[in-house]
Amino acid sequence: MQGSSEFPPTIALIGNPNSGKTTVFNALTGSNQKVGNYSGVTVEVKSGQMFTPHGKKLHVLDLPGCYSLRAPSLDEKVAVDALKGEIPGYAKPDMVVCVVDASNLERHLQLALQIIELGIPTVLVLNMVDMAEKSGLRLDPAKLSEELGVPVVPMQANAGKGIIELKQALRFPFPPTPAVAWAAENLENSRRALITRLCELAARRPDAHQLTLSDQLDNWLLHPVYGWIAFLGIMFSVFWGIFSFARIPMGWIEAGQGVIANWVVAHMADGDLRSLLVDGVLGGMGGVVVFLPQIVLLFLFIGLLESSGYMARAAFLMDGVMAKAGLSGKAFLPLFSSYACAIPGVLATRTIDSAKERLVTIFVAPWMSCSARLPVYFLIVPLLLHENEGSWKQAMILFAIYALGTTSAFGVARLLRAKLGPDTGATHFLLELPPYHAPQWSYILRHVGERAWSFVAQAGTIILGLSILLWALGTYPKSGGTKDEMLAHSAVGRIGSVIEPAVKPLGFDGRVGTAILTSFAAREVFNSSMAVLFRVDEAESDEKTRSLLRDRLAAAKRSDGTPLFTPLSLISLLVFYIYALQCLPTSAVVARETGSWKWAFRQFIFMSGFAYIASLIVYQGGKLLGFS
Amino acid sequence: MSHTHAADLQIDSAMTLNQVGVGCDVRISQLSGPGCDRLRDLGFCEQLLVRKLSAGRNLICSLCGTRLAISRELAEQVVVSPMA
């Protein structure tokens, strides 16, 4: 079973949620890790490599946190399957490192005993010993090791204490499988008795119940009145922070793009290649990359809320509100994360115990306006306002956009939850409220970095490709005449005239229809497409390019000479973007997480159909009511 | 948060976590019901001390230094007795 020289031995890290397992993993593997997503199976197991003090290479798996091996929720099942070696692509672990919170041995040893019973060599890590000792707990790792028959390593992983000792314990060859001394007919009772005895022997707790700082904070933050004020204040600050802090780096990116465009224009002769670089590549990607700061900030704030322990409180507070939509507080985190991006949101639904509630949460998650929609909103919203109108009006419109998406999502969740019927097994709301602590910056920054990179990578691949394709379709076949005549003659002009009848009832023309069509791969492509389709020349800065595009859009006319963008057609366009599911990666993740393409396909048809009908009602209804 | 004395609870020695007053320390005497496996996994085991911190739609209790929020239905399955 132990690894041969070809394949390094595998060790698996397992532990209750909030036991600091990922911190131990990061401390062991350093930056040498990757998150594996294997298509076809539902698994998100982190893997990395480390070397023992003797230079032996070990493969390390970080399994999702779980409370027991009984596994009612999906992420727990992944952990159990990984321990049994039933996940394709991962070897059965040769050794298990069970991480427990030293201040919570009564609870966490439950899982440790179940793992030792599996018969895999085990090392027990007592993490966060500093916190335990501060609370007055007297720990005796040697006694614990003697009683359990496995090595016990006290650690303080966030400060890097105990890492060497743990690596020593992982020395190859691994220690033999311990004998299960507590095996009895009623395993549950004998485990219980053992844990009680162990805690009396090796983790003596001071008798008095102490009111910790977290308890005092919770008195305020979970208060029926002040708790809500704090919750709303925190959520408002997050969104305000994203929009106001992002402006500074966005200015730098725009300035940088302007410099590059100017350089290209100055150093290249006029021709198709220059047009490709300036209009196609820079124009297309520029409109998207500029939103990187907002996306980074959104992930940063969500990471901070999670890492500090507040997210669990938010889920607790929101449980009553979510119940009105037929969901529980556990659906809050996935839905809130979907404001950043639906993909991590959909992945986060794994912690929901009820299968039906999880399905409903996945189904509505894309309606929580994700950050990829922001570029589109920022292009359209200013067109609705006059030059001199304050930014607070823009903020109000944005707030209304988010509110519309969210309330619609809750409405659909309620209907769908009622249609799916009650759960077969009993599931109940259960949530651990971890102690508040300072955020783990290294972990948050690494996560934010991964997300930012995947956004940039998408801009460099899908969006770049589509921008070039659109540029080519808008340029060839060539003809003489004015710019507009040339565009009408090109492939895009012809595609547009085919699409036009379908989008005309919504208040759009063929060009907007084409831009919408291209944005079905990814929403933010809409901006690049509009820039390419409306032939906006790159100005010296991106801000100017965007205002040029806005001027161009404001001046755009239909074939009958009336303005293309009226307030009504702009609102219709916004409504379309609030509801349409235009993100192939999300559909792929939904298909993987629900286990079939059926749900992904239904979701796509439903959301896109809903977007079309909602947009149609807005435009036609508005016209009937006399708006223009 | 008021701190009720164990003596006040002596009147009815078998009750569920829902019936305990906020701020009371009690000992878990029995788990019964469909959710008891899940409760055990979370650490609700016989003989452990638990303090109820708040009541409401979901109640918060402190168990071995950890705060847990559980629904009323689950709390109904936790039978507790006053601390001896």
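The exercises below, each with a worked solution, concern a predicted model.

**Exercise 1. An aromatic pair in chain A**

Task: Classify the aromatic pair of Phe332(A) and Phe336(A), and describe where the two residues stand in their helix.

Solution.
- Step 1. A pair of aromatic rings is described by the distance of the centres and the angle of the planes.
- Step 2. For Phe332(A) and Phe336(A), the centres are 5.6 Å apart and the planes make an angle of 20°.
- Step 3. Centres within 6.5 Å make a pair, and planes under 30 degrees apart count as stacked. The pair of Phe332(A) and Phe336(A) is therefore stacked.
- Step 4. Both residues belong to helix H14 (residues 332-337) of chain A; because they are four residues apart, about one helical turn separates them.
- Step 5. Buried means under 20% relative accessible area. Phe332(A), at 7%, is buried, and Phe336(A), at 4%, is buried too.
- Step 6. Ring pairs connect Phe332(A) and Phe336(A) with Trp228(A), Phe231(A), Tyr339(A) and Tyr402(A) in a cluster. Over all chains, the structure has 16 aromatic pairs.

**Exercise 2. Charges over rings**

Task: Which rings have the charged end of Arg313(A) or of Arg602(A) over them?

Solution.
- Step 1. Arg313(A) places its charged end over the ring of Tyr436(A), at 4.0 Å from the ring centre.
- Step 2. Arg602(A) does so over the ring of Trp599(A), at 4.7 Å from the centre.

**Exercise 3. A sheet of two chains**

Task: Give the strand order of the seven-strand open sheet, name its edges, and follow the pairing from S2(B) to S4(B).

Solution.
- Step 1. Chain B has three helices and six strands. Read from the N terminus, its elements follow the pattern α-β-β-α-β-β-β-α-β.
- Step 2. The order in the sheet is S10(A)-S5(B)-S4(B)-S3(B)-S2(B)-S6(B)-S1(B), with antiparallel pairing.
- Step 3. At the edges are strand S10 (430-433) of chain A and strand S1 (15-16) of chain B, each of which pairs on one side only.
- Step 4. Strands of a sheet pair through backbone hydrogen bonds, either parallel or antiparallel. Strand S2 (residues 25-31) and strand S3 (residues 49-54) of chain B are antiparallel and share three bridges.
- Step 5. Across these two strands, Val26(B) is opposite Val50(B), and Arg27(B) is opposite Leu49(B).
- Step 6. S3(B) also runs antiparallel to strand S4 (residues 58-63) of chain B, with four bridges between them. Here Val50(B) has Leu63(B) as its bridge partner.
- Step 7. S3(B) and S4(B) make a hairpin with three residues between the strands. In the turn, Gly56(B) has a positive phi of about 130°.

**Exercise 4. The second largest cavity**

Task: What is the volume of the second largest cavity, and which residues line it?

Solution.
- Step 1. The structure has two cavities of 30 Å³ or more. The volume of the second largest is about 40 Å³.
- Step 2. The lining of the second largest cavity consists of Phe239(A), Ile242(A), Phe243(A), Leu298(A), Tyr339(A), Ser371(A), Leu374(A) and Tyr402(A).
- Step 3. By type, seven of these residues are nonpolar, one is polar and none is charged.
- Step 4. Helix H9 (residues 226-245) of chain A contributes the most to this lining, with three residues.
- Step 5. Tyr339(A) and Tyr402(A) also belong to the aromatic cluster of Exercise 1.

**Exercise 5. Is helix H2 of chain A enclosed or open?**

Task: Decide from the burial of the residues in helix H2 (residues 74-84) of chain A.

Solution.
- Step 1. The buried residues of H2(A) are Asp75(A), Glu76(A), Val78(A), Ala79(A), Val80(A), Asp81(A), Ala82(A) and Leu83(A).
- Step 2. That makes eight buried residues out of 11, so the rest of the structure largely encloses the helix.
- Step 3. After H2(A) comes Gly85(A), with a positive phi near 75°.

**Exercise 6. Two single residues**

Task: Where are Met128(A) and Phe576(A) placed?

Solution.
- Step 1. Met128(A) is in the loop between strand S6 (122-127) and helix H4 (129-134) of chain A. Its phi is positive, about 55°, although Met128(A) is not a glycine.
- Step 2. Phe576(A) belongs to helix H25 (residues 567-579) of chain A, and is buried with a relative accessible area of 5%.
- Step 3. Phe576(A) and Ser615(A) are 39 residues apart along the chain, while their C-alpha atoms are 5.5 Å apart.

Conventions:
Residues numbered from 1 in each chain as written. Chains lettered and ligands numbered in written order. Predicted model: local features only at pLDDT ≥ 70, side-chain atom pairs only at ≥ 80, totals over all residues. Heavy atoms only, no water. Phe/Tyr/Trp six-rings, centres within 6.5 Å; stacked < 30°, edge-to-face > 60°. Buried < 20%, exposed > 50% of the residue type's maximum accessible area, 1.4 Å probe, protein only. Lys NZ or Arg CZ within 6 Å of the ring centre and 35° of its normal. Pairing = 2+ DSSP bridges. 1 Å grid on protein atoms, 1.4 Å probe; cavity = no way out; pocket = protein on both sides within 12 Å on 5 of 7 lines; lining within 4 Å. Points joined across faces, edges and corners; volume = space filled by probe spheres on them. Nonpolar A, V, L, I, M, F, W, Y, C, P; charged D, E, K, R; others polar.
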